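Let's take a stroll through this structure together. Have a look at the sequence and the 3D view before reading on.

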Amino acid sequence: MIKLENVTKVYKTGTRALNGISLYINQGEFVYIIGATGSGKSTLIKILNGEEAASKGKVNVAGTDLTKLRTGRIPYFRRNVGVVYQDFCLLPKKTVFENVAFALEVVSEKTIYIRKRVREVLKLVDLEEKAKSFPNEISGGQKQRVAIGRAIANKPKVLIADEPTGNLDPEKSEEIIALLERINREEGTTILMVTHDKELVEKHKKRTILLQDGYIVADLMEGGYVSHD
Ligand SMILES: Nc1ncnc2c1ncn2[C@@H]1O[C@H](COP(=O)(O)OP(=O)(O)OP(=O)(O)O)[C@@H](O)[C@H]1O
Ligand SMILES: [Mg+2]
């Protein structure tokens, strides 16, 4: 599902954010990416969703060779990859329902299908009763559930989350991880989650990749937290 070979990223500023990384992630896996600030986690995510291009090496996500992808094809590729950010990034003037629907409108789905799928997604993220609320009328945990709903509305093969619990308290973080686990199980979505949350990583053990200065320094199949502070 995800295949990186010898991927290096050097930003225009000269910063080497990733140094010859190789990584294989199978369909249906749920993987944590951890590491100190500046270790390259967000850079790795951006390379996987086509926001940044690798300077060197091969990147293949959901059957697409990103190193050969022309800019015009990026929107089509993005349909295969859902992305969730720490700060939710919802559209403030759209309701919960409309925020999720928007993800389907931009890929020109039919109205009747959109309504059906949005209802299905809102049920999955347990927000049916908030469909008509605006983002400023719901809690942080609920906002993140809307953002996750929006990211999976298109049924992407891969869901990438960059610190989805970063702005949430432990209880809300538990809700989010439970939701991601359900999506992983029920929709078969491959999930990559960047996190700083040691407790979460220890409690919900999964394959864990540790980045340090742009290198993968550990890849633990059994999960478990490696101190990097
Ligand atoms: N657009 C950019 N231009 C230049 N340098 C960048 C850019 N984005 C990130 N960097 C640098 O690349 C390195 C890796 O950054 P990255 O954002 O991937 O780290 P991170 O692991 O996500 O950190 P954090 O935990 O703070 O989010 C850092 O040294 C950072 O300053
Ligand atoms: Mg980051």
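## Two helices side by side

Are α3 and α5 roughly parallel or roughly perpendicular to each other? Keep in mind that this is a predicted model. Helix α3 covers residues 96-105 and helix α5 covers residues 140-152, and the two pack at an angle of about 25 degrees. Angles under 35 degrees count as roughly parallel, so that is what α3 and α5 are to each other. Their axes are 7 Å apart, and α3 passes α5 in a right-handed crossing.

Who does the touching? On the α3 side you'll find V96, N99, V100 and A103, while α5 brings V146, G149 and R150. Sorted by class, this contact has four nonpolar, two polar and one charged residues.

## Around the ligand

Now hop over to ligand 1. Its surroundings include Y11, T13, T15 and A17, along with G35 and a run from T37 through G38, S39, G40, K41 and S42 to T43. Helix α1 (residues 41-48) gives the most to this shell, with three residues.

The class count for the shell around ligand 1 is nine polar, two nonpolar and one charged.

## Two domains

Zooming out, the domain assignment splits the chain into domain 1 (1-80 + 156-229) and domain 2 (90-155). Their C-alpha centres lie 24 Å apart.

Where they meet, 13 residues of domain 1 are in contact with 11 residues of domain 2. On the domain 1 side, helix α6 (residues 170-186) gives the most, with five residues. That side of domain 1 has seven nonpolar, four charged and two polar residues.

Terms used. Residues numbered from 1 in each chain as written. Chains lettered and ligands numbered in written order. Predicted model: local features only at pLDDT ≥ 70, side-chain atom pairs only at ≥ 80, totals over all residues. Near = placed C-beta within 6 Å. Helix = DSSP H or I, 4+ residues; strand = E, 2+ residues; numbered from the N terminus. Nonpolar A, V, L, I, M, F, W, Y, C, P; charged D, E, K, R; others polar. Axes fitted to C-alpha atoms, helices over the stretch in contact; angles between N-to-C directions. Parallel < 35°, antiparallel > 145°, perpendicular 65-115°, else oblique. Left-handed = near helix turned anticlockwise from the far one by under 90°. Contact = placed C-beta atoms within 7 Å. Domains from an automatic or database assignment.
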